[in-house]
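Biologist: Please take a close look at one part of this model and walk me through it slowly. After that, I would like to hear how the rest of the structure is laid out.

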Amino acid sequence: MTDAPRPTPRRAPAVPLLPNPAHGPFLRAPEGARTIFLVTLFAACGPLAGGLVLFGFRAAFVAALAMTSCAGVEWLYFRVTRVPALLGRTHAVLTGLLLALTLPAFVPWYVPVIASAFAIIVGKAVFGGVGHFVWQPALVARLAVAVLFPTQLAVASEALPSRQPVLAQNRLLVGDVLSAGKGSNTVAWRGRPGPKGKDAFLLTPPARVLRGLTDARKPAFSAIVFRRPGPVSRSPAALLEMPPISNLLYGARPGGIGETSVILIAVAVLYLVYRNYVKWHLPLALLAAAWVTAAVAPVFLAGPGPAVRTRWLPLLTDEGLDVAFTYVNYQLLSGELLLAVLLVSAEMTSRPVTTGGQVLFALGCGTLAMLGQLYLDVPVPCYMAVLAMNTFTPAIDRLWRPRVFGMKRLAFLRRA
Amino acid sequence: MGLGRYGTFTGGIDLPEEKNATLAARIRPCEPPERLRVPLATGSGPPAEPCVAVGESVRASQRIATACNGGVDVFAPLGGRVAAFGWIATARGERFVESPAVELTDLRPPPETPETPERVFDWSSAEPDELARRIADGALVTHRPRPVPLARWLAGARRRRCRTLVANVVEHEPYVTADHRVLAEFGPEVIEGLAILAKAIGSAEVVLAVDRRRTGFYAGSIDAAERFGVARIALPHKYPIGADTILAKVLTRRETPPGAETTSVGTAILDAATCRAVFRWVCHGLRAIARVVTVAGARAGEARNLLVPFGADCHSLGDFGDAMVLHGGPMAGLACPAEAVVTPATAAVLALEASPRPVPTACIRCGWCTDHCPARLNVSALNDAFELSLVDDARRGGAAACVRCGVCSYVCPARLPLMYRVQQLKRWILAAASDPDSETP
């Protein structure tokens with residue numbers, strides 16, 4: 001050891017050596033939010049294509065109108081308020097497409113435009129844009145126009161206000177749904193030529209037919225039992241009055257543009273599941289809850305004479321398991337429930353985050369949707385059920401959490 | 001005899017591995033550096049007091065600073081001349097800290113060590129207490145991302161009577177192969193070092209945990225493992241299975257409470273480099289003066305595993321240009337400041353293509369962070385807690401259980417810096433726990 005000066009570095013340097021650090025991780029997965037919206041948009045194009053085939057060029061018109069006006073309203077809103085529209089445009093187009101899927105093809109032009117304004121401004125912008133809204137914008141808009149324009153959304157022709165059009169098979173894709181003629185109620189759509197000189201059949205929406213079968217309390221509906229009274233008929237009414245189930249599967253029934261084709265909706269949902277944009281638990285739990293509700297919730301049957309019998313557990317009616325099974329499936333396929341599954345799968349923001357929370361959410365959606373379809377006289381019961389459960393999303397998120405590593409279950413509820 | 005296979009854990013993700021360039025690259029000495037700036041505070045604790053003067057000439061392995069108050073002595077990695085005292089940056093866990101350093105220049109090449117150095121200490125006949133003292137004399141530091149003096153680490157493990165001792169050679173991060181090469185080339189030394197530590201701690205179960213896909217490299221360690229009763233366990237390849245708490249859970253099913261060390265559940269975890277350093281010190285009396293560093297990445301030129309003396313500049317390990325230089329792996333590693341030097345924490349120096357940092361947008365609540373979190377945290381809720389400064393909510397949400405793996409930030413489609421935010425919450429929580437009156441935001 002020498003006696004040379006030995007400057008001990010005690011004080012930290014005046015100029016910090018370390019600049020503001022870039023923090024890790026320095027690898028990023030390739031998928032961004034915009035990718036998610038674009039891929040979802042792509043998936044939702046499947047049901048739209050089905051709508052184009054079944055409802056003709058007017059479906060394309062409605063969809064284009066909804067998408068452009070959503071993007072336009074978004075642009076206008078952020079132009080006026082000067083809030084930067086991060087990710088906004090893509091999400092707006094997606095919202096427009098989802099909205100268009102819920103609208104029937106015969107609506108006048110102003111319905112999709114006003115619906116788009118509702119979707120963007122009321123559904124999304126007032127909450128702060130992408131990622132902040134509570135209720136799914138497309139469904140908010142659908143509910144708003146269902147309240148504002150009840151006749152324009154339900155009535156396609158003055159002559160038969162209870163019926164709505166589907167293109168005849170020889171006029172697919174090119175026909176005009178507004179040129180519609182009367183078709184049989186139980187029409188086997190396949191293979192039948194259209195009404196003379198017209199492009200489309202006017203059919204009773206199957207949900208309305210089912211409602212008549214299950215709710216004998218309402219004289220407005222043609223109250224009939226499952227099996228017609230009297231000794232003659234051997235075929236259950238559920239099968240006589242409803243279109244064949246294959247029609248419901250490929251979508252030859254009245255409804256929204258994307259609502260009807262079950263097969264295409266299933267493909268879209270499965271694609272989203274495959275891309276991991278929705279966990280399989282959510283659609284499955286939703287469908288299971290709806291199925292069980294339809295199988296358990298009471299139906300009101302016209303008894304012998306004027307009496308109305310309340311029959312719980314329609315799955316186990318005297319008609320036999322096969323008839324009851326078909327009835328339950330009809331309940332699932334005839335309304336807008338399947339499209340509600342797709343809409344819930346396509347919108348991440350308004351559903352809970354954790355898997356358990358999503359299952360809870362889906363169970364609520366399915367049950368409420370089926371109860372609404374069975375008992376409520378509202379225009380879009382399934383969408384209303386989704387909106388109702390959206391309300392509970394923050395609460396579900398707060399209460400349902402996975403057990404954190406090294407902590408007890410429900411530890412987050414303790415005070416200390 | 002095959003390797004034992006074990007389970008997995010919830011969450012995690014398969015990362016692109018990027019290791020092929022260096023998996024089979026033998027360790028070789030680095031270019032002789034022009035200067036070394038040897039940090040005086042590698043582990044936590046106060047810096048050591050220098051005991052040399054400017055201009056003095058030092059030998060390799062000569063003591064150049066004496067420990068004070070819980071630190072460790074510092075030894076010259078190479079022979080040379082003390083040029084100055086200064087400040088450098090050393091990595092400590094989730095950040096770089098400034099540390100005083102001794103600058104050595106006019107470096108001499110490393111002294112020749114014989115192929116098989118003679119044994120100076122017979123550890124098999126030593127009592128555990130004697131062995132622990134011997135290890136403490138070595139002034140070693142654990143070669144982990146957050147280095148601590150090995151003497152202190154050993155005392156903690158002994159005090160808690162850790163039943164399980166694990167050598168973690170999983171190396172779950174992309175690119176990094178330093179520990180893998182140490183085990184592949186010096187397997188018997190690593191195993192014997194592990195056995196020494198096991199005896200000092202008194203562990204009954206001694207485990208060598210490796211990646212399932214790389215077991216073929218480790219054939220050389222089988223004999224030693226059987227001789228010393230070390231269980232060889234191949235783990236599935238899923239990031240972050242090498243994180244301490246996750247590894248302890250996978251191997252022993254013991255879950256570490258949030259914010260605690262794995263030793264609190266009786267599991268001590270070390271890495272291959274430390275085990276080898278223990279062996280070299282205890283059996284041969286050789287100081288730890290260098291470590292193996294993986295230099296890889298798209299902009300690093302030839303990918304290689306280098307034996308680098310402590311104190312070499314990280315940026316001098318290759319011609320990186322304007323690349324993004326990282327210290328450690330790309331997930332849990334840090335951006336390497338210009339003043340960073342190689343310390344026991346430096347497992348890798350990576351040069352990646354510098355890309356503009358993505359602009360974070362609003363959380364779209366996709367839930368991917370929660371799905372992939374190995375600690376099963378609801379990361380999106382914690383992100384809300386961060387944005388609203390709800391530290392108490394975050395504490396009850398278990399933010400302190402974060403293992404700092406970075407998976408949440410990796411998958412986030414909104415490009416939010418989630419890991420950084422959860423770490424920030426964790427810091428606030430731990431600060432509030434240690435000082436209840438402190439101001440949390």
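**The hairpin and its surroundings**

Modeller: Happily! Let's start at a turn: two residues lie between strand 8 and strand 9 of chain B in their hairpin, where Gly93(B) adopts a positive phi near 70°. This is a predicted model, in which local features need pLDDT of at least 70 and side-chain atom pairs count only at pLDDT 80 or more, while totals for chains, interfaces and linings use all residues. Residues are numbered from 1 along each chain as its sequence is written, and chains are lettered from A and ligands numbered from 1 in the order in which they are written. Strands (E, at least two residues) and helices (H or I, at least four) are DSSP runs, numbered from the N terminus.

The two arms of the hairpin run antiparallel and are joined by 11 bridges. Among the pairs, Ala84(B) has Glu103(B) as its bridge partner in strand 9, and Phe85(B) has Val102(B). Strands count as paired if DSSP finds at least two bridges between them. By that rule the hairpin belongs to an open, antiparallel sheet of four strands in chain B, ordered 3-9-8-5. Strand 3 (36-39) and strand 5 (57-58) are its edges, each pairing on one side only. Strand 5 is held to strand 8 by two bridges, again antiparallel, and Val58(B) has Gly80(B) as its bridge partner in strand 8.

The hairpin also takes part in the meeting of the chains. The contact involves 61 residues of chain B and 45 residues of chain A, where a contact requires C-beta atoms, placed from the backbone, within 7 Å of each other. Strand 8 (80-92) and strand 9 (95-105) are among the elements of chain B that each give at least two residues to this side, and so are helix 10 (379-387), helix 12 (407-411) and helix 13 (418-434). By class, that side of chain B has 37 nonpolar, 14 polar and 10 charged residues. Here Ala, Val, Leu, Ile, Met, Phe, Trp, Tyr, Cys and Pro are nonpolar, Asp, Glu, Lys and Arg are charged, and the others, Gly among them, are polar.

Within chain B there is a further contact to follow. An automatic or database domain assignment divides the chain into domain 1 (4-24 + 114-284) and domain 2 (368-434). Their C-alpha centres are 28 Å apart, and 12 residues of domain 1 are in contact with 14 residues of domain 2. On the domain 1 side, seven of these residues are nonpolar, five are polar and none is charged.

Chain A offers a sheet to set beside the hairpin sheet: three strands in an open arrangement, ordered 1-3-2, with mixed pairing. Strand 1 (164-167) and strand 2 (180-182) each have a single partner strand, so one side of each is left without a neighbour in the sheet. Four bridges tie strand 1 to strand 3 in antiparallel fashion, with Pro165(A) partnered by Leu202(A). Strand 2 and strand 3 (residues 200-203) run parallel through three bridges, and Lys182(A) stands opposite Leu202(A). Strand 1 is covered on both faces: Gln164(A) and Val166(A) on one side, and Pro165(A) and Leu167(A) on the other, are all buried. Buried means 20 or more other C-beta atoms, placed from the backbone, within 10 Å of the residue's own; 12 or fewer is exposed, and anything in between is partly exposed.

Two backbone details in chain B loops deserve a visit. Ala139(B), between helix 2 (128-137) and helix 3 (150-159), has a positive phi of about 50° although it is not a glycine. With 22 C-beta neighbours inside 10 Å, Ala139(B) counts as buried. Finally, Tyr239(B) and Pro240(B) are joined by a cis peptide bond with omega about -5°; Pro240(B) sits in the loop between strand 12 (231-235) and helix 7 (244-252).

Methods:
Contact = placed C-beta atoms within 7 Å.
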